[in-house]
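Colleague: I am new to this structure and would be grateful for a close look at a single part of it. Please start from one residue and then work outwards to whatever lies around that part and beyond.

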Amino acid sequence: MSNELVKYQPELNTIPLRKFTPTEMNLFFSIVSRMRDKGDQTVRFSFEQLKELSNYKPTANRRFIDDIKRTYDHLMDLRFGSQSKSGLSFTRFVMFTKFQINGDADEPYVDVEVYRDAIPLLNNLESWVRYALTEFRDLKSSYAKTMFRLLKGYRTTGYAYFSKNDFFELLAIPVSYSTKMANVDSKVLAPIKEELTPFFRGLTIRKKYGKGRGKPVIGYAFAWKAERKDAEDVQVSKTERLKKAKFNIEHNGELSDKEKWRAIDKIKGLKLGTTEAEHNKQEQETREEQIRAEERQKILEKLRNGGLR
């Protein structure tokens, strides 16, 4: 499971995943990870296999089936296609033509088949976006998950810019946020910065401002240390991933101490506040040890100066 790779044609990143919850995103891209280079053949996923791939927490099959059904319903709302340069000719299609759930079988399963016109999205790729499924699925925020995918499309350049309109469209940000930009900072950018710093060394996020009254935000720029073209997304142990993520967090000057502690909690799967509590405890113990050392020093000084009275 740790070596599962998601790889697809970049066009897939241009489709906003509206209404998708983080759980549904995990299910969708778990399926995508196993559909690569399968052509139009039907691919079967047992419930247990799909739960493991997506790191699905609830265990009841009824709940699981409901989540799969909602995932497929949202997928049916997505429209892929192409358009001629003149704009006079275009095609539209859905990604899957078969999505059969059999919860009555002795070993319940889901059968999935890619629509023939969507085959180029996952087969014989000449250009692609790729990343480790385990990194994607462990992200909590849907905004962080989407931005993770988008930035992985620029992983060897280390820079990506999105106009405000594209940013809102691709991340499916509520239109109401455009008049309350503080919501973008706290509910969109904050989780992105906190959750993606472990995976993008030196990640910075900068707003771009336009001219005019109030200097309106017109776009968002993301920068990080570019990856080598031959860098591996798989074959890395959990220990190595955690070590790298912790290094990226601790050496990112964009994060406050509290943001770093929260980020570490998330990559370790700890309750939020755990790392901060440990840090405060260590600081308290250090202060108490310093006080004890100072007291010992005072006693020694008195002894050297003639003893205690």
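Modeller: Asp37 is found in the loop between helix 1 and strand 2; helices (H or I, at least four residues) and strands (E, at least two) are DSSP runs, numbered from the N terminus. This is a predicted model, in which local features need pLDDT of at least 70 and side-chain atom pairs count only at pLDDT 80 or more, while totals for chains, interfaces and linings use all residues. Residues are numbered from 1 along each chain as its sequence is written, and side-chain values use heavy atoms, with hydrogens and water left out.

Although Asp37 is not a glycine, its phi is positive, at about 60 degrees. Most residues other than glycine have a negative phi. With a relative accessibility of 49%, Asp37 counts as partly exposed, a class between buried (under 20% relative accessible area) and exposed (over 50%), judged with a 1.4 Å probe and protein chains only. Asn55, in the loop between helix 2 and helix 3, also has a positive phi, of about 55 degrees, without being a glycine. The relative accessible area of Asn55 is 29%, so this residue is partly exposed.

The loop of Asp37 leads to strand 2, which belongs to an open sheet of 3 strands in the order 2-6-5 with antiparallel pairing. Strand 2 (43-46) and strand 5 (96-102) each have a single partner strand, so they stand at the edges and one side of each is left without a neighbour in the sheet. From one strand to the next, the twist averages 15 degrees. Strands of a sheet pair through backbone hydrogen bonds. Here strand 2 and strand 6 (residues 109-114) pair over 4 bridges, where pairing requires that DSSP find at least two bridges between the strands. Phe45 has Val110 in strand 6 as its bridge partner.

Two helices accompany this sheet. Helix 2 (residues 47-54) lies across strand 2, strand 5 and strand 6 and runs at about 80 degrees to strand 2; axes are lines fitted to C-alpha atoms, for helices over the stretch in contact, and angles run from 0 to 180 degrees between N-to-C directions. Helix 3 (residues 61-76) packs on the sheet and touches strand 5 and strand 6, contact being heavy atoms within 4.5 Å. The direction of helix 3 makes about 170 degrees with that of strand 5.

Beyond the sheet, charged side chains link further parts. The model has 23 salt bridges, each a side-chain nitrogen of Lys or Arg within 4 Å of a carboxyl oxygen of Asp or Glu. Glu169 and Arg18 form one of them (2.9 Å, N to O). Since Glu169 lies in helix 6 (residues 164-170) and Arg18 in the loop between strand 1 (5-8) and helix 1 (22-35), the pair ties together parts that are 151 residues apart in sequence. Glu169 is partly exposed, at 39%, and Arg18 is partly exposed, also at 39%. A salt bridge also joins Glu259 to Lys193 (3.3 Å, N to O). Glu259 is in helix 9 (residues 257-268) and Lys193 in helix 7 (residues 181-196), so this pair ties together parts 66 residues apart in sequence. Glu283 and Arg287 meet in a salt bridge as well (3.8 Å, N to O); both lie in helix 10 (residues 274-304), 4 residues apart, about one turn of the helix. A network of salt bridges links Glu24, Arg63, Asp67 and Arg70.
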